[in-house]
Amino acid sequence: MTYENFKKLFVTELKEELTGYDISIEKKMKVNSCCECICIQKLADGSISGGFQFEMPELFQIFLKGEDIEEIVESIKESIKMKSFEAQSFGQDLLSCLSDFLITFQAINAELNEEFLKEVPHITMCDLALIGRLTKEGNDEIYSMVVTNRLLQRLGWSKEELFTEKRLGTNALLEFEVLDVSFGAPFNLYAVTNKAKINGAACIFFPTVLEQIRKKLGYDFYVIPSSIHEILLAKKKYAEAEEYKKMIKEVNQAVVDENEILSYNLYEFSNGKISIV
């Protein structure tokens, strides 16, 4: 069966099993990529969660591995039952106890996410964009959602209120930390991330963080975009810029997941500012 035929049969089966839901296939933007998703939303549902999305290529791969369409539909139904409770709880908490949520930030590549950023409030620097997230720490995991234009409006906030100087000066999700990752190399290499090791590269937008590191190290440095989760800092004298640029390209192609690539550019922190080398 072809992918297109699978989509048609799957949607037909799903509509028969899920009455009271609007079901459609749409292109959805993710960080650094676009994916065809089946979107399922309860009719007349104006909740913050905005319904449920499942990636069609992933469902098709499950089908190719031997699971029939009826079984996949049943797993979707069970998943919706579980996610409905989580989404409802998250949305209710968000509207009634907003103070329980942290405003955190994530750095992404602006050029690779041009379409995605049309629906998301952001600020830019070089080839990067900083977006906001509402985050809540549970017992075993961290729950987080991107602050979209729609959500910002629902909360009654302005873009300026999201990216206030106070919030950018004290990043909400757990403090940044500097880790020595030289591992016996003849030069010092430092990784900067946050305690959760999630979206830690946002620190590149926080000049106070980088300035504190510069004062501690005693020199300006190159900033290597390791991934959306961390950046690496290296003293300029240890290698030429072209060597670092080559390393960034190779690591992005061979090691970093597509959705976690931050940039192919090399940066430098000098005179309190970030710039592309």
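Partly exposed, as used in these legends, refers to a relative accessible area between the 20% below which a residue is buried and the 50% above which a residue is exposed. The model shown is predicted.

**View 1. A salt bridge joins strand β12 to the loop between β11 and α8.** The side chains of Glu-268 and Lys-236 meet here, with N and O 2.6 Å apart. The pair links distant parts of the chain, its members being 32 residues apart. Glu-268 sits in strand β12 and Lys-236 in the loop. Glu-268 has 21% relative accessibility, so Glu-268 counts as partly exposed. Lys-236 is also partly exposed, with a relative accessible area of 29%.

**View 2. Six strands make an open antiparallel sheet.** The order is β8-β9-β11-β10-β12-β13. The edges are β8 (176-180) and β13 (273-276), each of which pairs on one side only. On average, neighbouring strands of this sheet are turned by 30 degrees against each other, direction ignored. Helix α8 packs on the sheet and touches β10 (221-227) and β11 (230-235). The direction of α8 makes about 10 degrees with that of β10.

**View 3. Strands β12 and β13 pair at one end of the strand order.** Strand β12 covers residues 267-270. The pairing of β12 with β13 is antiparallel and runs over 4 bridges. Tyr-267 faces Ile-276 of β13 across this pairing.

**View 4. Strand β9 is largely enclosed by the rest of the structure.** The strand spans residues 189-194, and 6 of its 6 residues are buried. In a regular strand, side chains alternate between the two faces of the sheet. Leu-189, Ala-191 and Thr-193 point one way from β9. Tyr-190, Val-192 and Asn-194 point the other way. Residues of both groups are buried.

**View 5. Strand β9 pairs with β8 and with β11.** Strands pair through backbone hydrogen bonds. With β8, the antiparallel pairing of β9 has 5 bridges. Val-178 has Val-192 of β9 as its bridge partner. With β11, there are 4 bridges, and the two strands run antiparallel. Leu-189 stands opposite Ala-234 of β11.

**View 6. A nonpolar patch lies on the surface.** Its members are Met-247, Val-251 and Val-255. Together they have about 230 Å² of accessible area. Val-251 belongs to helix α8, residues 241-254. Its relative accessibility is 32%, so Val-251 counts as partly exposed.

**View 7. Three strands form a second open sheet, with helix α1 lying across β1 and β2.** The strand order is β1-β2-β3 and the pairing is antiparallel. The edge strands are β1 (21-30) and β3 (52-55), each pairing on one side only. Neighbouring strands here are turned by 30 degrees against each other on average, direction ignored. Strand β2 (residues 33-42) and β3 run antiparallel and are joined by 4 bridges. Ile-38 stands opposite Phe-54 in β3. Helix α1 runs at about 15 degrees to β2.

**View 8. Glu-13 of helix α1 contacts residues far along the chain.** Helix α1 spans residues 3-17. Beyond its neighbours within four places in sequence, Glu-13 touches Ile-69, Glu-70 and Val-73. Glu-13 and Val-73 are 60 residues apart in sequence. Their C-alpha atoms are 7.4 Å apart. Glu-13 has 18% relative accessibility, so Glu-13 counts as buried.

**View 9. Salt bridges within helices α3 and α7.** The structure holds 10 salt bridges. In one of them, Glu-74 meets Lys-77, with the closest N and O atoms 3.3 Å apart. These residues are 3 apart in helix α3 (residues 69-96), so about one helical turn separates Glu-74 from Lys-77. Glu-74 is partly exposed at a relative accessible area of 38%. Glu-211 forms a salt bridge with Arg-214, and here the closest N and O atoms are 2.9 Å apart. Glu-211 and Arg-214 are 3 residues apart in helix α7 (residues 207-217), so they too are separated by about one helical turn. Arg-214 is partly exposed, with a relative accessible area of 24%.

**View 10. Salt bridges link three residues in a network.** The residues are Glu-4, Lys-7 and Glu-36.

Definitions and conventions:
Residues are numbered from 1 along each chain as its sequence is written. This is a predicted model: local features need pLDDT of at least 70, side-chain atom pairs count only at pLDDT 80 or more; totals for chains, interfaces and linings use all residues. Side-chain values use heavy atoms; hydrogens and water are left out. Patches are made of residues with over 30% relative accessible area and no salt bridge: like charges are joined within 9 Å, nonpolar side chains (Val, Leu, Ile, Met, Phe, Trp, Tyr) within 5 Å. Accessible areas come from the Shrake-Rupley method with a 1.4 Å probe; for residues, only the protein chains shown count as cover. A salt bridge is a side-chain nitrogen of Lys or Arg within 4 Å of a carboxyl oxygen of Asp or Glu. Buried means under 20% relative accessible area, exposed over 50%, partly exposed in between (1.4 Å probe, protein chains only). Contact means heavy atoms within 4.5 Å. Two strands pair if DSSP finds at least two bridges between them. Axes are lines fitted to C-alpha atoms, for helices over the stretch in contact, and angles run from 0 to 180 degrees between N-to-C directions.
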